[in-house]
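Please read the points below beside the model, and check each one against the sequence as you go.

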Amino acid sequence: MAYPIKTCRLCEEEFELKPGKPGFADCCPACSTAEPSAPTEKRSMDATERKNRSEANEARRQAMRDLLYRKDS
Ligand SMILES: [Zn+2]
């Protein structure tokens, strides 16, 4: 079974997109392992994303609870 051939968005080299490849799907393995972006910026972005996601989950839970209570009464 052949893997899809992708073009790396960083070095524009063609590579096989294998399952379990680390990093982004549009980066070749070499560019995925040698991450050029600032790690501190990435970490803070991840923290913000996590916070946003937990807030979204909380809002969804609240909405679900409201829906259930309305249905019961
Ligand atoms: Zn690359």
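1. Cys8, which lies in the loop between strand 1 (5-7) and strand 2 (14-16), counts as buried because its relative accessibility is 2%, where buried means under 20% relative accessible area, exposed over 50% and partly exposed in between, with a 1.4 Å probe and protein chains only. This is a predicted model, in which local features need pLDDT of at least 70 and side-chain atom pairs count only at pLDDT 80 or more, while totals for chains, interfaces and linings use all residues. Residues are numbered from 1 along each chain as its sequence is written, and side-chain values use heavy atoms, with hydrogens and water left out.

2. Cys8 is one of the residues that coordinate the zinc ion, the donor atoms being the SG atoms of Cys8, Cys11, Cys28 and Cys31, at 2.2 to 2.3 Å. Donors here are N, O and S atoms within 2.8 Å of the metal (3.2 Å for Na, K and Ca), and since water is not among the atoms, sites may look incomplete. Along the sequence, the donor residues follow the spacing C-x2-C-x16-C-x2-C. Cys8 and Cys28 link distant parts of the chain, being 20 residues apart, with Cys28 in the loop between strand 2 and helix 1 (29-33). Cys28 is likewise buried, because its relative accessibility is 7%.

3. What is the geometry of the site of the zinc ion? The site is tetrahedral, with angles of 105 to 116° among its four donor atoms; four donors count as tetrahedral if all angles lie between 85 and 135 degrees. For comparison, ideal angles at a metal are 109.5 degrees for four tetrahedral donors.

4. The count of disulfides comes to zero, a disulfide being a pair of cysteine sulfur atoms within 2.5 Å.

5. The protein chain has two helices and two strands, arranged along the sequence as β-β-α-α; helices (H or I, at least four residues) and strands (E, at least two) are DSSP runs, numbered from the N terminus. Buried residues make up 11% of the 73 residues in the protein chain. Among contacts in the protein chain with a separation of 6 or more, 2% are between residues 24 or more positions apart, contact meaning heavy atoms within 4.5 Å.

6. How many salt bridges does a search of the whole structure find? The search finds five, a salt bridge being a side-chain nitrogen of Lys or Arg within 4 Å of a carboxyl oxygen of Asp or Glu. One of them joins the side chains of Arg9 and Asp26, at 3.2 Å from N to O. This pair also links distant parts of the chain, since Arg9 lies in the loop between strand 1 and strand 2 and Asp26 in the loop between strand 2 and helix 1, 17 residues apart. Arg9 is partly exposed, with a relative accessible area of 47%, as is Asp26, at 33%.

7. Helix 2 (residues 39-72) holds both Glu55 and Lys51, four residues apart, about one turn of the helix, and these two form a salt bridge whose closest N and O atoms are 3.0 Å apart. Glu55 is partly exposed at 44% relative accessible area, whereas Lys51 is exposed at 52%. Glu58 and Arg61 also meet in a salt bridge through their side chains, at 3.1 Å from N to O; because they are three residues apart in helix 2, about one helical turn separates them.

Technical notes: Four donors count as tetrahedral if all angles lie between 85 and 135 degrees; four count as square planar and six as octahedral if opposite donors are over 155 degrees apart and all others between 65 and 115; anything else is irregular.
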